[in-house]
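Here's a protein model to explore together. Have a look at the sequence and the 3D view, then read on for a short tour.

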Amino acid sequence: MNDVPKHVAIILDGNGRWARSKGMPRTYGHTMGAKNVEPVCRAAWELGIRYLTFYAFSTENWNRPDEEVEALMKLLESYMKNCISIAKKNNMRVRVIGDRTGLSEGIQQRIGALEEASADHTGLNLIIAINYGSRDEILRAARKAAADIRDGRLEAEGLNEEVFGSYLDTAGIPDPDLMIRTSGEQRLSNYLLWQLAYAEFYFTPVPWPDFDEACLKEAIEAYANRDRRYGKV
């Protein structure tokens, strides 16, 4: 496929609605959504995508009902553990972005183990956003930069876009070329606001558990057919 985006960011939306449409609890939708990650990752790599970022749990998701949040946390911890073997099988490097301090010690340990185990893998770069909110990320980055300026490690005049980007969770990761949101909603929901400045947006009514290789190909074809000038005249 021609003109394949190097980095695709996806908002995994619609798990709960998908489950309700089948007469199942929302937690079932989240479980099936988690199972869909691996096949989409394989399809992305085969299509030529090199970076894939998934929005798994936002800072706003803590406002959901307690039982749903608890189920999501258990699912995330289990997925982090299982993802070590998934990453090895698919030669994926996995990194997690977001504020880890807000997560349980168990999940933080699972994240660390996964990142360490997959650090030398040379296939798809999978980035998972957990307890992530872009405004929170930018504020944390600003505080780090301010501390470095205060302590003399950085000159204020030297703080440009490139330097500021090094303080973000995504330091060292190229900005997404394409953002996909499933399940029909057309908003960013506090996702990668800095990094998506010049990305193309693609919205599909397909809920995440049903999003497959054909859907991904359709999104890439739409991306390839757009006239992208990145702010140039």
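## Salt bridges

This is a predicted model, and a search through the whole of it turns up 17 salt bridges. Let's meet a few of them. Glu 70 and Lys 74 join their side chains in one, at 3.5 Å from N to O. Both residues sit in helix H4, four residues apart, which is about one turn of the helix. How covered are the two partners? Glu 70 is partly exposed, with a relative accessible area of 46%, while Lys 74 reaches 55% and counts as exposed, because the cut-off for exposed is over 50%.

Helix H6 (residues 134–150) has a pair with that spacing too: Asp 136 and Arg 140 are four residues apart, about one turn of the helix. Their closest N and O atoms are 2.8 Å apart. Here, Asp 136 is partly exposed at 24% relative accessible area, but Arg 140, at 15%, counts as buried. Arg 140 gets that label because buried means under 20%.

## A linked network

Some salt bridges join up. Which residues are linked in a network of salt bridges? They are Asp 13, Arg 17, Arg 181, Glu 185 and Arg 187.

You can zoom in on one link: Arg 187 and Glu 185 form a salt bridge whose closest N and O atoms are 2.8 Å apart. Arg 187 is partly exposed, with 44% relative accessibility, and Glu 185 is partly exposed as well, at 25%.

## Strand S2 and its neighbours

Now find strand S2 (51–58). Is S2 mostly covered or mostly open? Mostly covered: seven of its eight residues are buried.

S2 has pairing partners. Strand S1 (residues 7–11) pairs with S2 in the parallel sense, over five bridges, and you can spot Ile 10 opposite Phe 54 of S2. Strand S4 (residues 125–132) also runs parallel to S2, joined by seven bridges. For a landmark there, look for Phe 57, which stands opposite Ile 130 in S4. While you're looking at strands, a handy general point: side chains in a regular strand alternate between the two faces of the sheet.

## Pockets

How do you look for empty space? Rolling a probe the size of a water molecule over the atoms shows where empty space is left. The largest pocket has a volume of about 690 Å³. A total of 31 residues line this pocket, with Leu 12, Asn 15, Tyr 55, Ala 56 and Arg 64 nearest its centre. The elements giving two or more residues to the lining are helix H1 (15–21), helix H2 (26–35), strand S2 and helix H4 (66–90). By type, the lining splits into 15 nonpolar, eight polar and eight charged residues.

The second largest pocket holds about 350 Å³ of space. Its lining has 18 residues, and those nearest the centre are Glu 161, Asp 175, Trp 194, Gln 195 and Ala 197. Sorted by type, that lining is 10 nonpolar, four polar and four charged.

## One cavity

How many cavities of 30 Å³ or more does the structure hold? The count is one. The largest cavity has a volume of about 40 Å³.

Its lining is made by His 7, Thr 53, Thr 170, Ile 173, Pro 174, Pro 176, Leu 192 and Gln 195. Four of the lining residues are nonpolar, four are polar and none are charged. Gln 195 may ring a bell: this residue lines the cavity and is also among the residues nearest the centre of the second largest pocket.

Technical notes. Residues numbered from 1 in each chain as written. Predicted model: local features only at pLDDT ≥ 70, side-chain atom pairs only at ≥ 80, totals over all residues. Heavy atoms only, no water. 1 Å grid on protein atoms, 1.4 Å probe; cavity = no way out; pocket = protein on both sides within 12 Å on 5 of 7 lines; lining within 4 Å. Points joined across faces, edges and corners; volume = space filled by probe spheres on them. Nonpolar A, V, L, I, M, F, W, Y, C, P; charged D, E, K, R; others polar. Buried < 20%, exposed > 50% of the residue type's maximum accessible area, 1.4 Å probe, protein only. Pairing = 2+ DSSP bridges. Salt bridge = Lys/Arg side-chain N within 4 Å of Asp/Glu carboxyl O.
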